[in-house]
Every structure is written in structure tokens, then in C-alpha cells.
Amino acid sequence: MLNFTSYTYDSILADALSRVPTTLDKREGSIIYDALAPVCAELAQAYIEMQNIMTQTYVLTATGTYLDYRVAEAGITRKEAIAAVRIGIFADSNSAAFAVSIGSRFSTPTGSDSVVFKVTSAYTDTDGNTVDGKYLLTAETAGTIGNDYTGVLTPITYISGLASAVLSDVITSGSAEEDDDALLARYLEEINYQAFGGNIEDYRKTILAIDGVGAVQVYPVWNGGGTVKCSIITTSYDVAADDLVETVQEEVDPVVGSGTGLGTAPIGHQVTITTPTAVDVDIDATLTLASGYSITQVQSAIETAVTAYILTVRKAWGTMQSTTENIYSVYVYRSQLIAAMVSVSGVLNINSLIINGAAVDLELTQNETIQQLPILGAITLGT
């Protein structure tokens with residue numbers, strides 16, 4: 001790729017002045033200098049724009065909209081952000097179920113991070129029956145922000161007789177718009193790996209293209225010939241809610257066990273869509289702190305650093321460990337946790353570190369029967 005970064009204002013001006021005879025006054029403030037300087041500034045700006053054009057021309061360096069343009073050539077589009085759908089529970093002053101109108105709006109009492117939810121439909125149980133006082137609420141702001149808060153809601157719409165409004169379970173996890181790194185990875189996978197007729201790569205590409213899916217493990221012949229199990233997690237790399245599992249099931253193989261090919265799965269394939277079990281990662285550590293630091297001062301920063309590491313583990317959850325065997329391996333390594341902790345200002349050393357009661361790396365089960373996903377639990381620190 002051509003590189004125009006060496007064409008700076010100073011270098012262009014120096015080159016231009018070098019072409020002027022030495023018999024003429026070229027000092028700053030001279031007529032020649034003042035005439036050349038603005039032109040050289042414009043040329044420098046033009047080279048900056050040409051460098052930007054070159055950067056956005058190639059898929060490996062393109063960003064944002066320009067990356068969208070490039071991956072579209074392979075039939076790939078960026079996954080849009082998804083708004084969270086939650087259960088809302090409403091009651092009157094006697095704690096009896098209370099009916100609210102579709103379209104009613106409520107806010108979380110979380111200050112600058114508050115999220116507005118709108119009542120979009122009545123809640124129905126697994127038998128298809130509506131449940132009094134329960135409704136589905138959709139966040140008006142798409143993304144993961146709608147997943148976080150659980151508790152009392154503040155009505156925006158005035159509702160006479162309403163005494164209690166509570167935001168409860170997640171039905172559909174909110175997810176952020178697919179970022180450039182994830183989109184590029186999907187593009188490179190599309191052009192570098194051959195998907196064909198229901199092979200593992202075919203299932204991976206098909207399922208990863210569905211909005212809300214961030215990673216997938218594929219287990220062929222898990223329960224006899226023709227059976228396929230696909231375990232999915234969200235674009236936030238969390239356990240998938242039932243709603244997303246059902247959406248993927250409907251698209252891939254809507255009549256489970258029939259092998260009729262009514263979805264994207266080939267005829268004869270009986271596909272089961274599932275999601276892994278969340279496993280809390282509880283950490284107990286004793287630290288050596290720099291003078292003047294306390295556990296209280298470093299606790300939050302350590303939690304942030306460890307959370308970032310656990311996220312990298314979850315991002316690799318769907319990566320096959322071999323090109324010749326269908327194996328998935330997920331570990332939470334003590335060495336990586338220690339590295340994350342000692343990167344925090346004020347932490348000099350980790351004297352001991354225990355994960356879920358043992359001083360060993362945590363291996364999570366990944367097979368056709370059980371898939372596990374690490375979720376950060378409690379971090380207990382001492383000195």
C-alpha cells in the first residue's frame with residue numbers, strides 16, 4: 001500500500017524552496033516564501049486525504065462505513081444493535097396484578113445511565129397463556145445497556161392506580177452494533193474457509209450471520225447420524241436468552257428432528273440449538289500493595305482488569321482448537337489473572353490466587369453434552 005505520510009507541510013515546503021535559485025530571497029516572510037507556503041499547506045492536506053483514501057480502500061485497514069462497503073462485496077452486512085426485551089411486573093396498592101396499556105413508558109432510576117422501556121405486548125407463558133400483571137418491555141435504546149438494571153421502574157406515562165412497577169427477567173438480550181474487528185473477522189472467515197453442504201463451517205457461517213449471535217460451537221453427529229448440536233452465545237459473549245435460541249432454531253431447523261430441510265440446515269439434518277451454562281469464576285487472592293495503598297483503593301481497578309481478561313476468554317469460546325478435530329477448549333488461567341491484577345497501579349505482587357476453591361487453572365467443559373461459559377463471580381482480596 002502506498003504511504004503518503006512522509007509528505008508533510010515542512011517537507012513539501014523545503015522541497016519547493018530548494019527549487020528556487022539561491023540568488024533570490026527565500027527566507028520566511030519573503031515574497032517567494034509567502035507565495036509558496038499556502039500552496040504547500042494545501043498539498044500537505046491533499047496528501048493526508050490521499051492517505052485516508054488508501055487506508056479505506058483495503059479491507060484490512062478500512063473502518064466504519066468504508067469497511068461496510070468492502071465486506072458487502074462478499075454479501076456480508078454489519079449486525080445491527082438489538083434492544084433488550086424484559087419482563088415487567090405491575091401491581092396495585094394491594095399487590096394485585098395490574099393492567100397497563102401497550103405503549104406505556106417507564107424509566108430506570110439510574111441517573112445519567114437511565115434507560116426508557118416501553119410496554120410492547122402482554123407476557124405469555126410456555127403454554128401461550130397471558131399472565132395478569134406481566135408485560136414485555138422493550139428498551140428504547142438499543143444495546144447492552146438495557147440488560148443491566150433489575151428493579152423498580154419509574155413511570156413516565158401517568159397511570160392511575162399503579163403502585164408498583166418492577167423490571168424483571170431478560171427475554172431478549174440487548175446487543176451492541178457489531179464492531180469493526182468482529183465484522184472483519186467474519187469477512188476473512190467467509191473468504192478463507194470453505195463452507196459446503198452442511199459441513200461445520202457452513203453451520204458456523206450461517207448461524208454467525210444471524211443478528212444477536214456472537215459465537216457458536218458446532219457438534220456434528222452428537223446423538224446419532226444426521227444430528228447436529230449448535231451452542232450459541234450473544235454478541236456480548238453472554239449466555240443466550242430463550243428468545244434468541246428460539247429465533248436461531250426457527251431459522252436453522254424449525255421442525256426439530258424432522259430432517260425436512262425447512263430451514264437453512266440440509267435435508268436429513270436434525271439440528272438442536274442450545275446455549276452454554278454460565279459458570280461463576282470466584283477468585284480469592286492475597287496481594288502485596290505499594291506503600292499508601294489499601295484493598296479498597298485497588299478493588300475496583302482489579303475487578304475491571306479481571307473482567308477484561310474474562311471477556312477475552314469468552315470471545316475465544318467458539319474457536320476450534322484444531323483444523324483436523326472438532327475440539328473446543330476454554331480455560332481461565334491463573335497466570336493471566338495474576339498478570340491482570342499486577343497491571344493495576346499500587347499492586348506489587350500476587351502472593352496467592354485461588355479460582356473456585358483450587359489453586360489451579362480453571363478448565364471449563366466443552367463437549368456435545370455440556371458447554372460452559374465463564375462469568376466473573378466474586379473477587380475477594382486480602383493482604
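## Pockets, an annotated region and cysteines

The largest pocket holds about 1,100 Å³ of space. Of the 37 residues along its lining, those closest to the centre are Gly214, Ala215, Tyr237, Lys315 and Thr319. The structure described here is a predicted model.

Several secondary-structure elements each give two or more residues to the lining of the largest pocket: helices H5 (180-192), H6 (200-208) and H8 (295-315), together with strands S8 (213-220) and S15 (372-382). Helix H8 supplies the largest share, six residues. The largest pocket lies between domain 3 (194-274) and domain 4 (277-381), because both domains give residues to its lining.

The second largest pocket holds about 270 Å³ of space. Its lining is formed by Ile87, Tyr123, Thr124, Asp125, Thr126, Asp169, Val170, Ile171, Asp242, Asp243 and Glu246. Strand S3 (116-124), strand S7 (164-172) and helix H7 (242-252) are the elements that give two or more residues to this lining. At least three residues of the lining of the second largest pocket come from domain 2 (85-172), and at least three from domain 3 (194-274). Domain 3 thus appears in the linings of both the largest pocket and the second largest pocket.

The residue classes of the two linings are set out below.

| Pocket lining | Nonpolar | Polar | Charged |
|---|---|---|---|
| Largest pocket | 16 residues | nine residues | twelve residues |
| Second largest pocket | four residues | two residues | five residues |

The charged residues in the lining of the second largest pocket number five, and among the residues named for that lining are Asp125, Asp169, Asp242, Asp243 and Glu246.

An unreviewed UniProt entry carries the annotation "domain: Baseplate J-like C-terminal" for residues 281-381. Within residues 281-381, helix accounts for 30% of the chain and strand for 34%. The C-alpha atoms at the two ends of this stretch are 14 Å apart. Helix H8 (295-315), which contributes to the lining of the largest pocket, falls within the annotated range of 281-381.

What is the state of the cysteines? A search of the whole structure finds zero disulfides. Cys40 has a relative accessibility of 2% and therefore counts as buried. Cys230 is likewise buried, with a relative accessible area of 0%. Both values are under the 20% limit that defines a buried residue.

How values were computed: Residues numbered from 1 in each chain as written. Predicted model: local features only at pLDDT ≥ 70, side-chain atom pairs only at ≥ 80, totals over all residues. Heavy atoms only, no water. 1 Å grid on protein atoms, 1.4 Å probe; cavity = no way out; pocket = protein on both sides within 12 Å on 5 of 7 lines; lining within 4 Å. Points joined across faces, edges and corners; volume = space filled by probe spheres on them. Helix = DSSP H or I, 4+ residues; strand = E, 2+ residues; numbered from the N terminus. Nonpolar A, V, L, I, M, F, W, Y, C, P; charged D, E, K, R; others polar. Domains from an automatic or database assignment. UniProt positions renumbered as here; feature names shortened; annotations may be inferred. Disulfide = S-S within 2.5 Å. Buried < 20%, exposed > 50% of the residue type's maximum accessible area, 1.4 Å probe, protein only.
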